[in-house]
Amino acid sequence: MVMLPRARTVGVAVIATLVLVSGASIAFAAIDASTAQDNETENETATVTFENQTSNGSAVVVNNTTLPEGGFVAIHEAAPVDENATDNMTADENETVTNMSEEYAPGAVLGNSSYLGSGDHENVTVELNESLEESQVLIAMPHQDTNDNQTYEFPEADGPYTSDGEPVIDDALITLEDGMNETMGDDMGDDDMMDNESEP
């Protein structure tokens, strides 16, 4: 008769222990899930797609970019990695080339987009600081807004987004539109001829 209360006490203790262990397991599971989410956020990086295109030389279009924390897309010169590589490439030689990042590395910044919020952006037009004088390969590179002032200030701030320690980039052959100046010259010539014909 005396043993019954002790048995109940032991049983209650066992149940309480099981509840505590189960609660701890749930807590650990929640922590693990939270850590996984944090790691996933830390591993997010930018992407950029920059396709071959024809331009008037004053601006280019970045087809798509994803900026996890907002920032900018900068257009860089494409410096040949191989000293024997051709400095200038023509459209005829490279019509089917879509990615030449292994042959070219980012050089000087030629222009940058305005501030872009976090998320996906399509058809981003980037005005160049100076118009291109010839067809050439350029590189698009997403940059962060490291000082949160929505003003592009690279290289003092706003470094590039990286993946595996390397800047996220894509390159494209920019072919200048042909015949614009020639057409304007021809039109002016025709007008001058008409004016001359109309004079007595």
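In the predicted model, S135 is found in the loop between β6 and β7, the latter spanning residues 136-143. The relative accessible area of S135 is 19%, and because the limit for burial is under 20%, S135 is classed as buried. The side chain of S135 makes a polar contact with the backbone nitrogen of L176, at a distance of 3.0 Å.

The chain that holds this contact comprises three helices and ten strands. Read from the N terminus, the succession of elements is α-β-β-β-β-α-β-β-β-β-β-β-α. Of its 200 residues, 27% count as buried.

One of the sheets is open and consists of three strands in the order β1-β3-β6, with antiparallel pairing. Its edges are formed by β1 (47-49) and β6 (119-127), each of which pairs on one side only. Neighbouring strands in this sheet are turned against each other by 25° on average, with direction ignored. The pairing of β1 with β3 (residues 59-67) is antiparallel and extends over three bridges; within it, T49 has N64 of β3 as its bridge partner. On the other side of β3, eight bridges join this strand to β6, again in the antiparallel sense. In that pairing, A59 is matched with E127 of β6.

Two residues of β3 illustrate how accessibility varies along the strand. T65 belongs to β3 and counts as buried, with a relative accessibility of 0%. A polar atom of the T65 side chain lies 2.8 Å from the backbone oxygen of T47. V61 is also located in strand β3, but is partly exposed, with a relative accessible area of 29%. The C-alpha atom of V61 is separated by 6.1 Å from that of V126, although the two residues are 65 positions apart along the chain.

Strand β6 also contains N123, whose phi is near 50°, a positive value in a residue other than glycine. Most residues other than glycine have a negative phi. At 52% relative accessibility, N123 counts as exposed, because the threshold for this class is over 50%.

A further open sheet contains five strands, ordered β2-β10-β7-β4-β5, and its pairing is mixed. The edge positions are taken by β2 (53-55) and β5 (104-112), each pairing on one side only. From one strand to the next, the twist averages 45°. Within this sheet, β4 (residues 72-80) and β5 pair in the antiparallel sense over six bridges. In this pairing, A78 stands opposite P106 of β5.

Backbone features were also examined in the loop between β7 and β8. Q150 is placed in this loop and has a phi near 60°, which is positive in a residue other than glycine. P155 lies in the loop between β7 and β8 (162-163) as well. The peptide bond leading from F154 to P155 is cis, with omega near 10°. Most peptide bonds, by contrast, are trans.

The pocket analysis gave a volume of about 200 Å³ for the largest pocket. The residues lining this pocket are E77, V109, L110, N129, E130, S131, L132, E133 and Q136. Classified by residue type, the lining is divided into three nonpolar, three polar and three charged residues. The nonpolar members are V109, L110 and L132, while the charged members are E77, E130 and E133. The polar members are N129, S131 and Q136. With respect to the strands described above, E77 falls within the range of β4, residues 72-80, and V109 and L110 fall within that of β5, 104-112. Q136 is at the start of β7, which covers 136-143.

Key
Residues are numbered from 1 along each chain as its sequence is written. This is a predicted model: local features need pLDDT of at least 70, side-chain atom pairs count only at pLDDT 80 or more; totals for chains, interfaces and linings use all residues. Side-chain values use heavy atoms; hydrogens and water are left out. On a 1 Å grid over the protein atoms alone, a cavity is a set of points where a 1.4 Å probe fits but cannot get out, and a pocket is an open set with protein on both sides within 12 Å along at least five of seven lines; lining residues have an atom within 4 Å of a point. Grid points are joined across faces, edges and corners, and a volume is the space filled by probe spheres set on the points. Two strands pair if DSSP finds at least two bridges between them. Helices (H or I, at least four residues) and strands (E, at least two) are DSSP runs, numbered from the N terminus. Axes are lines fitted to C-alpha atoms, for helices over the stretch in contact, and angles run from 0 to 180 degrees between N-to-C directions. Buried means under 20% relative accessible area, exposed over 50%, partly exposed in between (1.4 Å probe, protein chains only). A polar contact is a pair of N or O atoms within 3.5 Å; within protein, one must be able to donate a hydrogen and the other to accept it, and residues adjacent in sequence count only if both atoms are side-chain atoms.
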